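Colleague: I should like to go through the charged side-chain pairs of this model and the grounds for each label. Please take them one at a time.

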Amino acid sequence: RRSLLRWLHKQLSSAGEPHSYAFKSKGKTPFELRPIELWLYCSQTPCGTAANFSRIDPQPTKLPCTTKKHGMFRTKVEGQLGTHPMNATEPAQSSDGLLLGTRSMCYSCSDKLAKRCVLGVQGALLSQLIPPLYITGIIVGDVFSHGHIARALCCRSQIALDNHETNQFFPCDFALHHPKIGHCWPFSTNRSKQVSKNRTKVSLNWVSGDEHMEKLDATTGRLKNNDTSQISKKALFRSFRSLCNPEQSVASTYKDNKNRSIEYQRAKKIWVEAMRNKFHTCWSRKPSEIDDFSLDK
């Protein structure tokens with residue numbers, strides 16, 4: 001997703017040019033995107049609730065959330081395969097706790113995609129510059145179950161929002177999207193044979209127009225020489241600042257700029273509360289110190 005954000009930044013920086021998918025707007029946001037379809041390919045079913053129940057109880061058609069566990073958020077288990085369900089009473093994360101060895105709560109791919117089906121893939125910062133951008137469809141390879149994938153990505157959110165008392169106040173630019181879901185046979189992949197310790201630590205990223213791929217250490221998110229990546233939060237924040245109107249006041253820190261996306265934050269709050277009320281699960285924020293940085297530091 002970070003590479004997708006970087007691609008969007010590049011389109012906005014060249015808005016109005018013939019090759020760009022973006023153009024300047026006089027509407028609610030400074031920019032708009034030309035009509036595009038956004039497809040995601042996954043060699044395996046997204047980890048978390050989609051993959052977990054696809055293996056246990058594969059179903060060929062869509063099914064409702066029959067139990068609380070069907071709707072709960074799940075976090076990845078560090079150093080292992082699998083995920084851990086998040087109860088509504090889960091304690092908040094702290095930087096001190098992480099340094100002392102507390103388990104980091106990194107949400108599963110199923111949950112992150114569910115979030116994007118409500119809030120869009122553009123995130124909080126770009127919500128100030130473009131309308132929400134949603135996934136058109138997802139193509140899945142191994143461990144495929146249409147019913148469980150649909151439930152994990154969008155249908156559990158639909159059930160939660162339909163039962164939520166503040167649903168009528170959902171911001172007008174945001175809405176739950178149900179992506180198309182397709183299946184293709186994977187190329188020599190098998191989730192059951194994967195072993196975490198044998199996975200590569202190398203991550204490659206690039207977008208259209210790049211002359212070279214960037215090679216990262218996936219365990220640190222940095223380049224081999226310890227330099228900052230082109231898809232780091234700091235790099236994307238710098239790019240965002242360059243896209244903002246110079247006459248417009250911009251908050252100093254990354255966190256403050258994200259909080260200025262009022263409608264995005266409001267939509268997120270409604271979705272998180274709806275999921276908590278329906279499935280007794282929580283979306284725990286990462287320690288505030290992680291996003292409390294500026295470009296001057």
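Modeller: In this predicted model, the side chains of Asp 291 and Lys 258 meet in a salt bridge, at 3.6 Å from N to O.

Colleague: What makes the contact of Asp 291 and Lys 258 a salt bridge?

Modeller: The N to O distance is 3.6 Å, and the cut-off is within 4 Å for a Lys or Arg nitrogen and an Asp or Glu carboxyl oxygen, so the pair qualifies. Asp 291 lies in the segment after helix H10 (262–279) and Lys 258 in helix H9 (residues 254–259), so the bridge ties together parts that are 33 residues apart in sequence.

Colleague: Why is Asp 291 called buried, and why is Lys 258 called partly exposed?

Modeller: Asp 291 has a relative accessible area of 15%; buried means under 20%, so the label applies. Lys 258 has 23%, which falls between 20% and 50% and is therefore partly exposed.

Colleague: How do you know that Asp 111 and Arg 156 form a salt bridge?

Modeller: Their side chains meet at 2.6 Å, N to O, so the pair satisfies the limit of within 4 Å. Asp 111 is in helix H5 (residues 109–119) and Arg 156 in helix H7 (residues 146–162), 45 residues apart.

Colleague: What makes Asp 111 and Arg 156 count as buried?

Modeller: Asp 111 has 0% relative accessibility, and Arg 156 likewise has a relative accessible area of 0%. Buried means under 20%, so both labels follow.

Conventions:
Residues numbered from 1 in each chain as written. Predicted model: local features only at pLDDT ≥ 70, side-chain atom pairs only at ≥ 80, totals over all residues. Heavy atoms only, no water. Helix = DSSP H or I, 4+ residues; strand = E, 2+ residues; numbered from the N terminus. Buried < 20%, exposed > 50% of the residue type's maximum accessible area, 1.4 Å probe, protein only.
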